[in-house]
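Grab your favourite viewer and work through these exercises one at a time. Try each task yourself before reading the solution under it.

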Amino acid sequence: MIEKNFSLQCLNSYCLPGTAEYFYRYHSEDELSDILRWARRKDIPLHILGGGSNILISRPFIEGLVIHMGPLFLNRKGETLLAGSGVDTSLAVLHAWHHGLSGAEFLYGLPGNLGGALFMNARAYDRSMSDIILSAKVMDETGEVFWVDKSDMAFGYKDSVFQHRPWAILAMLFQLQKGDKESIRKEMTRCIDIRRTKGHYDFPSCGSVFKNPYEAGIPAGKLVEELSLKGKRAGGAEIFSKHGNFIVNRDSACAEDILKLLEIIRQEAREKRGILLTPEVDIW
Ligand SMILES: Cc1cc2nc3c(=O)[nH]c(=O)nc-3n(C[C@H](O)[C@H](O)[C@H](O)COP(=O)(O)OP(=O)(O)OC[C@H]3O[C@@H](n4cnc5c(N)ncnc54)[C@H](O)[C@@H]3O)c2cc1C
């Protein structure tokens with residue numbers, strides 16, 4: 001069912017207000033296919049939403065149709081895991097642990113859903129989604145469903161083919177390995193504890209706002225620190241004092257506050273260090 005004028009405030013990790021002109025919560029492949037065809041006929045712009053942990057809602061009104069993606073299922077077969085794209089990423093890791101499967105621990109504590117993680121080629125502790133994925137089931141803008149093999153996913157640093165095609169990711173297949181449950185649990189705890197220590201969950205945010213400019217030989221967070229921008233505020237937003245590549249919503253920030261800080265970082269990096277920063281967050 002399509003809803004009109006739907007608030008997205010509870011569906012993005014920044015908790016920013018914003019109303020979707022049309023909103024559809026995934027129910028079934030057939031229904032999604034019909035809805036995509038309807039949107040195409042009417043020339044309605046599409047926005048795909050997963051867990052909302054890597055988007056910045058910059059406008060009060062989002063024209064077009066926001067599709068909140070599912071489906072929600074997890075099936076283990078041998079050392080593979082078939083998962084719906086709407087599954088919470090940490091829940092998938094827990095499921096793997098439950099079955100004594102190792103390989104996905106690095107994703108434990110990563111906010112958001114599997115679809116968004118694959119789209120972004122999410123990365124932590126030198127491992128990426130691309131290390132464990134085998135294939136993904138997608139629907140294109142005409143409502144056709146097909147599988148994409150890993151070899152066709154064009155993975156790069158925080159990049160994948162899904163960022164360059166109008167596809168909705170429906171499900172994915174992971175290759176994991178049998179492991180010792182206690183060691184898997186320890187590694188999961190280690191990964192989430194690092195996030196806790198770094199303050200990842202202290203305030204609403206989207207995680208890192210910029211991709212690391214590897215060609216410049218410095219991580220974005222370190223660059224922000226060297227520019228003495230940590231702790232700088234605009235309205236209710238702050239360049240996080242614990243992590244220079246996070247801009248946090250400290251106190252009822254609005255999108256303009258966050259965008260202002262993003263622009264200050266970008267400008268200072270360019271003017272003082274000659275480094276061009278690319279946002280990692282998807283700005284709606
Ligand atoms: C505290 C914190 C820490 C973070 N740490 C990390 C980190 O260590 N490493 C990292 O890589 N990221 C990190 N992130 C960013 C974010 O959590 C990841 O990018 C996450 O994988 C995004 O998933 P999501 O479901 O929330 O995607 P969303 O924010 O909903 O969407 C992100 C993008 O993916 C697209 N998308 C989402 N689902 C689908 C789908 N099913 N089909 C097609 N397109 C889709 C959206 O259109 C959008 O462009 C962090 C974020 C926070 C808040």
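## Exercise 1: Trace the five-stranded sheet

Task: work out the strand order of the open sheet of 5 strands, and find its edges.

Solution. Start with the order, which reads β6-β7-β13-β11-β12, with antiparallel pairing. Now look at the two ends of that list: β6 (74-77) and β12 (145-149) each have a single partner strand, so one side of each has no neighbour in the sheet. Next, check the twist: ignoring direction, neighbouring strands here are turned by 20° against each other on average. Keep in mind that you're looking at a predicted model.

## Exercise 2: Walk across that sheet pair by pair

Task: how many bridges join β6 to β7, and which residue stands opposite arginine 76?

Solution. Begin at the β6 edge. β6 and strand β7 (residues 80-84) run antiparallel and are joined by 4 bridges. Arginine 76 faces leucine 81 in β7. The two strands make a hairpin with 2 residues between them, and glycine 78 in the turn has a positive phi of about 60°.

Step over to the next pair. β7 and β13 are antiparallel too, over 5 bridges. Leucine 81 turns up again here, this time opposite phenylalanine 174 in β13.

One more step takes you to β11. Strand β11 (residues 133-139) pairs with strand β13 (residues 168-175) in the antiparallel sense, over 6 bridges. In this pair, look for lysine 137, which stands opposite alanine 171 in β13.

Finally, add the helix. Helix α1 (residues 29-41) packs on the sheet and touches β11, β12 and β13. The direction of α1 makes about 55° with that of β11.

## Exercise 3: Do the same for the four-stranded sheet

Task: which strands stand at the edges of the open sheet with the order β1-β2-β5-β3?

Solution. This sheet has 4 strands and mixed pairing. A quick reminder helps here: strands of a sheet pair through backbone hydrogen bonds, either parallel or antiparallel. Read the ends of the order: β1 (2-7) and β3 are the edge strands, each with a single partner, so one side of each is left without a neighbour in the sheet. From one strand to the next, the twist averages 35°.

For a parallel example, go to strand β2 (residues 19-25) and strand β5 (residues 61-68), which pair in that sense over 6 bridges. Within this pair, arginine 25 stands opposite histidine 68 in β5.

## Exercise 4: Place the ligand between the domains

Task: where does the ligand lie with respect to domain 1 and domain 2, and why?

Solution. Lay out the domains first: the assignment gives domain 1 (2-68), domain 2 (74-197) and domain 3 (214-283). Then ask who contributes to the ligand shell. Domain 1 and domain 2 both give residues to it, so the ligand lies between them.

Now zoom in on the shell. There are 31 residues around the ligand, and those coming nearest are Gly50, Gly112, Gly115, Gly116 and Gly207. The elements giving two or more residues are β3 (46-49), α3 (114-120), β9 (123-124) and β13. Helix α3 supplies the largest share, 5 residues. By class, the shell splits into 15 nonpolar, 14 polar and 2 charged residues.

Last, see how the two domains meet. Their centres, taken over C-alpha atoms, are 23 Å apart. Across the boundary, 14 residues of domain 1 are in contact with 15 residues of domain 2. On the domain 1 side, α1 gives the largest share, 6 residues. That side has 5 nonpolar, 6 polar and 3 charged residues.

## Exercise 5: Spot the backbone oddities

Task: which peptide bond is cis, and what sign does the phi of aspartate 126 have?

Solution. For the cis bond, go from glycine 70 to proline 71, where omega is near -5°. Proline 71 sits in the loop between β5 and β6. For the phi, aspartate 126 has a positive value of about 65°, although it is not a glycine. You'll find aspartate 126 in the loop between β9 and β10 (127-128).

## Exercise 6: Check the overall dimensions

Task: how does the radius of gyration of the protein chain agree with that of a compact globule?

Solution. First, take stock of the chain: 6 helices and 18 strands. Its C-alpha trace spans about 50 × 50 × 30 Å along the principal axes. A compact globule with 284 residues would have a radius of gyration near 19 Å, and the protein chain has 19 Å, so the two agree.

Conventions
Residues numbered from 1 in each chain as written. Predicted model: local features only at pLDDT ≥ 70, side-chain atom pairs only at ≥ 80, totals over all residues. Pairing = 2+ DSSP bridges. Axes fitted to C-alpha atoms, helices over the stretch in contact; angles between N-to-C directions. Contact = placed C-beta atoms within 7 Å. Near = placed C-beta within 6 Å. Nonpolar A, V, L, I, M, F, W, Y, C, P; charged D, E, K, R; others polar. Domains from an automatic or database assignment. Rg over C-alpha atoms; globule rule 2.2 N^0.38 Å.
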